[in-house]
Amino acid sequence: MGSISGGKQNLIIVSNRLPLSVKRVDGSFQSSLSSGGLVTSLAGLTKSTQFQWFGWPGLEVRDLGDREEVSKSLEAHNAIPIFLDSTLAHEHYNGFSNRILWPILHYQSGVTFDDTPWQAYKRVNELFADAIVESAESGTLIWVHDYHLMLLPELLRHRLKQQGKACAIGFSLHTPFPAGDFWRNLPVRKHLIEGLLSSDLIGFHTDEYKQNFIDTCASLLDARTEIPNQIQYKNRLVCTNKFIVGIDPQKFTDTLQTPKVQDRIRTLKERYKGVKVIVGVDRLDHIKGLTQKLSGFDTFLDDHPELQNKVVLIQVAVPSREDVKEYQDLERDLCTMAGKINGKHATPEGTPLLYMHRSVPFAELTALYSVADVCLLTSTRDGMNLVAFEYVACQEERHGVLVLSEFAGASSFMSEGSISFHPANTTEMSEAIFKAITLDPSERKSKYEYLRNFVNENTR
Ligand code: ADQ
């Protein structure tokens, strides 16, 4: 993160969680870098820009003295904590954001609306608005991130006006925005899009998400949308655009060159000599299509008995949202599936699936990306999917093949350089995997070059 220079800050970034998670260890507080797509996508910004970052520090701190201690320790990283009590934080984050809003944004049906988490969502957005407006000065640009804070632009606009402060507000959505008819499933559909329409600029990962949002505003709110990329609503003009989110590829190539990672790559290459390695790295989330991935891989193993002991899938499933029942159920299902697949296809020489339900250190992650012949990403819906970018950044030597679901936002930019498939079609997935491991070197090279250029041109 950008450090404090003592100079005036004119950019405020806001996200639900700070990029640093605070933990209480032996009576004192320690912070460490959080993981996830949003932190990765904003990491590059810290190289060139100074800003303050507002968000929840990840734990309840009641005592005022403790709050001061946490604030002081984060101040060194220009991070400003917004304290929430744990029930409120839980209802906002797990209750509304992750159990109701996230599935709707990703076209998952069967969501039941409940008023208690919705009230918590509103309250948390208000608390964020109070804290930010107190710090912001006229001229500050306030850049709000993601679906946890969709009401915040409207709340900010109202409070800023009351205090006579003029600030520009930007909002970036890191998820898809679904087609209008699906968005109607959410009873509070109007409140949320009205909340966003107090922004000056709203950014989406793809043109499709942007257009879905514009069309929804026209049909639900009677907003005027005749001018491309603009929405006129209640005497305000709101601009929308597509912004391609990316990574800092240099960070990956630098890490790959370290002796520790080079050593690890040698060990892994020796271990998998004569075996095609397929890698998957995903947060353990329904949208990443992990059950579909295991089914597709099972079909592939059925279809190709001649490749027994010659292909391995190393799947890292990073623990995520473990307090939500649906995520606990998913984890249990995946363990069962992994056991069944290995039970069916393992031989005394080895198991075809290595399923790891844990976080892996960054150095190990880059080594894994580097030794893999193929990266398999099976999202049923996904805002972008930065793992696709990271794999490409680590494949300069090998020209590995990206097998990418057509429903990942990244597919709208990378389909020409990858092998695309429908994640619910196990036969199509099996064929895509086979094509990837048998692709001839010249086609691999030309696909890879396309992807490398794209990743290097869209570095944040
Ligand atoms: P996520 O759903 O979190 O992000 P993704 O884009 O795949 O998904 O990014 C995951 C990030 O977590 C990657 O940068 C990856 O390296 C990192 N990560 C994975 N395993 C890790 C580990 N073990 N330890 C540390 N870090 C790990 C959301 C949306 C995406 C969108 C991003 C950015 O769901 O669609 O691309 O935001 O906008």
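The following paragraphs describe the two open sheets of this predicted model and the pairing of their strands.

One open sheet consists of 8 strands arranged in the order β5-β4-β1-β6-β7-β8-β10-β9, and its pairing is mixed. The edges of this sheet are formed by β5, spanning residues 79–81, and β9, spanning residues 230–233, each of which pairs on one side only. On average, and with direction ignored, neighbouring strands of the sheet are turned by 20 degrees against each other. Within the sheet, strand β6 (residues 141–145) is joined to strand β7 (residues 168–172) through 5 bridges in the parallel sense, and in this pair Val144 stands opposite Phe171 of β7. Helix α9, comprising residues 207–221, packs on the sheet, where the helix touches β8 (201–204), β9 and β10 (236–242); the direction of α9 makes about 155 degrees with that of β10.

Another open sheet contains 6 strands in the order β13-β12-β11-β14-β15-β16, and here the pairing is parallel. Its edge strands are β13, at residues 353–356, and β16, at residues 419–421, and each of them pairs on one side only. From one strand to the next, the twist of this sheet averages 15 degrees. Strand β11 (residues 276–283) and strand β12 (residues 311–318) run parallel and are joined by 8 bridges, with Val277 standing opposite Val312 in β12. In general, the strands of a sheet pair through backbone hydrogen bonds, in either a parallel or an antiparallel arrangement; the sheet that begins its order with β13 has parallel pairing, whereas mixed pairing is found in the sheet that begins with β5.

Technical notes. Residues numbered from 1 in each chain as written. Predicted model: local features only at pLDDT ≥ 70, side-chain atom pairs only at ≥ 80, totals over all residues. Pairing = 2+ DSSP bridges. Helix = DSSP H or I, 4+ residues; strand = E, 2+ residues; numbered from the N terminus. Axes fitted to C-alpha atoms, helices over the stretch in contact; angles between N-to-C directions. Contact = placed C-beta atoms within 7 Å.
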